Amino acid sequence: MVENSPSPLPERAIYGFVLFLCSEFAFFLYCVWAFVPEEWLHFVGLTYWPQKYWALAVPIYLLVALIVCLIVLFGVNMLNTAPLDSVDNVTDVYAQAQMKDDSRKGGIPQLSDVSISEVNRMFYLSHKS
């Protein structure tokens with residue numbers, strides 16, 4: 001049986017280490033392709049490589065795509081947010097009113113929403129002393 005522990009299982013640790021090694025090797029190949037002159041690559045026998053243009057174009061395209069995704073996500077969230085004067089900011093169809101009769105004397109009441117009029121009464125009306 002697997003116990004709950006923050007340390008990964010041995011299989012997961014091995015998979016993670018292999019993935020780390022593969023990503024390091026891929027980055028090394030990318031750097032070789034991007035920085036070593038074409039003549040040296042052809043001399044070694046590596047002739048079928050993409051153009052050097054793509055060494056800069058792909059990271060820039062990915063960065064621009066990430067920025068566009070963030071802007072679109074921000075815009076969609078702003079469109080889905082209710083206006084500040086909307087009653088949806090206060091309550092919704094799933095709100096449950098508190099029932100005074102259900103809780104026993106000294107017991108913990110059921111989980112429920114507090115109405116906005118009760119909150120305003122507690123915070124903003126002056127207490128008689």
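**Close-up views of a four-helix predicted model**

**View 1. Confidence along the chain.** In this protein, helix α3 (residues 53–80) has the highest confidence, with a mean pLDDT of 96, while helix α4 (residues 116–124) has the lowest, with a mean of 85. Keep in mind that you are looking at a predicted model. Averaged over the protein, the pLDDT is 85, and 89% of the residues reach a score of at least 70. Where pLDDT is low, the predicted coordinates should not be read in detail.

**View 2. The overall layout.** Let us step back for a moment before zooming in. The protein has 4 helices and 0 strands, so if you walk from the N terminus, you meet the elements in the order α-α-α-α. How many of the 129 residues count as buried? The share is 4%. Among contacts between residues at least 6 apart in sequence, 8% link residues at least 24 apart. The protein exposes about 12,600 Å², and carbon and sulfur atoms supply 68% of that area.

**View 3. An aromatic pair in helix α1.** A search of the whole structure turns up 6 aromatic pairs. One of them joins Tyr-30 and Trp-33, whose ring centres are 5.9 Å apart with 65° between the planes, an edge-to-face arrangement. Why can these two side chains be found together? Tyr-30 and Trp-33 are 3 residues apart in helix α1 (residues 10–35), which means that about one helical turn separates them. Their surroundings can be compared too: Tyr-30 is partly exposed, with a relative accessible area of 28%, whereas Trp-33 counts as buried at 9%. Phe-27 joins Tyr-30 and Trp-33 in one aromatic cluster.

**View 4. A nonpolar patch on the surface.** Now find Leu-62, which lies in helix α3. Is Leu-62 buried or exposed? With a relative accessibility of 58%, Leu-62 counts as exposed, because the cut-off for that label is over 50%. Leu-62 belongs to a nonpolar surface patch, whose members include Tyr-53, Trp-54, Ile-60, Tyr-61 and Val-76. Together, the residues of this patch have about 1,100 Å² of accessible area.

**View 5. Val-36 and its contacts.** Our last stop is a valine. Which residues does Val-36 touch, leaving aside those up to four places away in sequence? Its partners are Cys-31, Leu-41 and Lys-52. Val-36 counts as partly exposed, because its relative accessibility is 22% and the buried label needs a value under 20%.

Notes: Residues numbered from 1 in each chain as written. Predicted model: local features only at pLDDT ≥ 70, side-chain atom pairs only at ≥ 80, totals over all residues. Heavy atoms only, no water. pLDDT = per-residue confidence, 0-100. Helix = DSSP H or I, 4+ residues; strand = E, 2+ residues; numbered from the N terminus. Phe/Tyr/Trp six-rings, centres within 6.5 Å; stacked < 30°, edge-to-face > 60°. Buried < 20%, exposed > 50% of the residue type's maximum accessible area, 1.4 Å probe, protein only. Contact = heavy atoms within 4.5 Å. Areas by Shrake-Rupley, 256 points an atom, 1.4 Å probe, with all protein chains shown as cover. Patch = residues over 30% accessible without salt bridge, like charges linked within 9 Å, V, L, I, M, F, W, Y side chains within 5 Å. Salt bridge = Lys/Arg side-chain N within 4 Å of Asp/Glu carboxyl O.
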